[in-house]
Amino acid sequence: MKHRKLINTILIVMAIGIVIIVARDFVVNRSGKNIENPYAFDVSEYAKVDSSEIIYQEEKVLQLKVDEPKGIDFYNEAIYVIADSSLLKLNQQGQLLQEIQLGDEPTAIDAGPQVWLAFKNQIVCIDENGKELQRWPDFGPRSVVTSLAVSPEYVYVADAGNRLVYQFSRDGKLIREIGAKDEQKAVPGFIIPSPYFDVDLNEEGYLWAVDPGRHSLENFNADGSLRTSWTISSVKTEGFSGCCNPAHMAIMSEDKFVTSEKGIVRVKIYDQHGEYLGVVATANQFNEVSHAPDVCVSDDGKVILLDFDRKQVRLFNPKESD
Amino acid sequence: MDRKEFIEKSLRLGVLTGIIGGSVFLIKRNKIDFTCSVDGVCKSCSLFTGCDLDKAKQSRNDERKKDSKQTNRREFIQKGMRLTLGASLAGVAGFAALKVSADDYVWQLDPFKCVYCGRCADYCVVTPSAVKCVHAFDLCGYCDLCGGYLKPDANARSTAAENQLCPTAAIKRKFVEDPYFEYEIDEELCIGCAKCVEGCTSFGNGSLHLQVRHDLCVNCNECSIARVCPADAFERVPASQPYKIKGDFTNKDDNNKPA
């Protein structure tokens, strides 16, 4: 009898133990519970930025009522945004000044006295009222035009599909292809792993093109030879990381570069020699999963971003120095 | 058609067959036989109601009913049994026919929901895991600097072990032409930890992603990885389209082929 009681007690304790273990396993291992990842690769570590490096602050956000913003530029105190199949002209207060229907979805814009637009593999020039002035024949099925830069003499077209920059006269005559691998001209050839390939002109009218696969910015002479370049490949804030960065670029006064990166999304500023100056916007100022914002600069030194995910135009001002 | 829908349809079919069979039986059972064998002509019409023939037939029917009450009950039970058996067989046949025509289902994970938590490596009942990294070559940039292959702070872009992100060196880097490299997964070494997937998605085009390999998966009723997946990325997919490969994810003609 005594033994029987003891055995029963042991069995009950064991049963309770089993129930506790099963319940604990059920609760702890349920999806959504925090189970430590032994293979963790903490990318967020690389996104951290020291606050002293942030030299701009967000001044204003303009919400766009569009489905798919595509590109941005600034000219004559107005912000030009291409979105869906429209061209929007806004002032810096967010007031819509003009909307032009384009009939197709543009991929790139350069705003000036005339507005130049790219449509995947075509170039179109329109006047300020939207009247089509020029339409050039398409560049073929491989072509993916991602950026335009227009000088008084030339139109530079960045074609990510063919990994070339085309130099056209303003009336559509192809003058040369820039960026094809050429050892005589010391041109290494662009590496474009994804459709991010930006170009811009500096104050003297020289072409700068991003070589995203090399984390480089390359400067070309008018004859297509390489003039200079700079590269910073690093996972640290001052460098570019990932397969294809910077994704977007704009040149501001004093030939400083504003760069926008994908992967770890951030916007930074470099001087004319490629020296890192600081950060405009850090990764935590964008959505957790976000695209690299398109960038342009205003005449008074504002950095203007087109946030593709939030569908916003975001204006950043330099922080006032202490 | 998913499993739930399939079971519902089978049950509906079984119940419907039972109802139809039962109704036919009841109608037959309650039917009164007015056929008169006199001259082979039925006299039991409204014109002859109350006639001698009719009265005789009524009384004969009443007597027969009384006499055969026991017999009818037995027949009723027999017929009922037969009908039940028939309905059951019809139900099973319908169920089997549906099962033959319907797809089987297998587990697969949606690479766009995956959050690279590492649980695919540790929670699969198969060791090493049946979840492997696959490579969507059409999305890959073939970069020298591959975020899925190299550690972010690698001291060189080389195949040296200390520069590789993969804990089992399951990614093979092959030179294609300057400056392009191809990356292939050695599935025997891959443990499905998703470290490379996170690297590729964070720094590259996201061409590396996880998939359940069906030559290895034992297709458990309740996938033990799905149970702990924090992103609910696991789902049942038709066995005829068992993969969700990035790149041709939306191409329905070709989404059953592994990369």
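**Group meeting talk: a walk through chains A and B**

Four bridges connect strand S7 of chain A, residues 115-118, with strand S8 of chain A, residues 123-126, and the two run antiparallel. Hello everyone, and thanks for coming. Before going on, please keep in mind that what you see is a predicted model.

Let's stay with that pair for a moment. Look for Val115(A): its bridge partner in S8(A) is Ile126(A). Now zoom out a little. S7 and S8 belong to an open sheet of four strands in chain A, in the order S6-S7-S8-S9, with antiparallel pairing. Which strands sit at the edges? They are strand S6 (108-111) and strand S9 (132-136) of chain A, each of which pairs on one side only. On average, neighbouring strands of this sheet are turned by 15° against each other, direction ignored.

Next, a second sheet in chain A. This one is open as well, with four antiparallel strands in the order S2-S3-S4-S5. Its edge strands are S2 and strand S5 (96-101) of chain A, and each has pairing on one side only. Here too, the average turn between neighbouring strands is 15°, ignoring direction.

Let's go through it strand by strand. S2(A) and S3(A) run antiparallel and are joined by six bridges. If you find Ile72(A), you will see Val81(A) of S3(A) standing opposite. These two strands make a hairpin with two residues between them, and in this hairpin Asn76(A) takes a positive phi near 50°. Is strand S2 of chain A, residues 69-75, mostly covered or mostly open? Mostly covered: five of its seven residues are buried. Moving on to the following pair, S3(A) meets strand S4 of chain A, residues 86-90, through five bridges, again in the antiparallel sense. In that pairing, Ile79(A) is opposite Leu90(A) of S4(A).

Now to the inside. As a bit of background, nonpolar side chains in soluble globular proteins tend to be buried together. In this model, the largest nonpolar core has 124 residues. The residues with the most contacts inside this core are Leu148(A), Val157(A), Val165(A), Val258(A), Val303(A) and Ile225(B). Which element gives the core its largest share? That is strand S3 of chain A, residues 78-83, with five residues.

Let me pick out Val165(A) from that group. Setting aside its neighbours within four places in sequence, Val165(A) is in contact with several residues, among them Val157(A), Ile178(A), Val199(A) and Leu207(A).

I also chose two single residues to compare in your viewer. The first is Asp159(A), in strand S11 of chain A, residues 154-159. Why does Asp159(A) count as buried? Because it has 24 C-beta neighbours inside 10 Å. Its contacts, leaving out neighbours within four places in sequence, include Phe139(A), Val145(A), Leu164(A) and Tyr166(A). Asn121(A) is 38 residues away along the chain, and its C-alpha atom is separated from that of Asp159(A) by 8.2 Å.

The second is Asn287(A), in the loop between strand S21 (276-281) and strand S22 (294-297) of chain A. Asn287(A) counts as exposed because it has 12 C-beta neighbours inside 10 Å. Not counting residues up to four places away in sequence, Asn287(A) touches Asp309(A) and Arg310(A). The C-alpha atoms of Asn287(A) and Asp309(A) are 7.3 Å apart, although 22 residues separate the two along the chain.

Over to the other chain. Chain B has six helices and six strands. From the N terminus on, its elements go α-α-α-β-α-β-β-β-α-β-α-β. Of its 259 residues, 30% are buried. Among contacts in chain B with a separation of 6 or more, 70% are between residues 24 or more positions apart.

One helix in chain B deserves a look. Helix H5 of chain B, residues 195-203, is mostly covered, with nine of its nine residues buried. Among them are Lys195(B), Glu198(B), Cys200(B) and Phe203(B). What covers the buried residues of H5(B)? The cover includes strand S2 (131-135), strand S3 (171-177) and strand S5 (208-212) of chain B.

Last stop: where the chains meet. Here 22 residues of chain A are in contact with 26 residues of chain B. On the chain A side, these divide into twelve nonpolar, ten polar and no charged residues.

That's the tour. Thanks for listening!

Conventions
Residues are numbered from 1 along each chain as its sequence is written. Chains are lettered from A and ligands numbered from 1 in the order in which they are written. This is a predicted model: local features need pLDDT of at least 70, side-chain atom pairs count only at pLDDT 80 or more; totals for chains, interfaces and linings use all residues. A nonpolar core is a set of buried Ala, Val, Leu, Ile, Met, Phe, Trp, Tyr and Cys residues joined through C-beta atoms within 7 Å. A residue is buried if 20 or more other C-beta atoms lie within 10 Å of its own, exposed if 12 or fewer, and partly exposed in between; C-beta atoms are placed from the backbone. Two residues are in contact if their C-beta atoms, placed from the backbone, lie within 7 Å. Ala, Val, Leu, Ile, Met, Phe, Trp, Tyr, Cys and Pro count as nonpolar, Asp, Glu, Lys and Arg as charged, and the others, Gly among them, as polar. Two strands pair if DSSP finds at least two bridges between them. Axes are lines fitted to C-alpha atoms, for helices over the stretch in contact, and angles run from 0 to 180 degrees between N-to-C directions.
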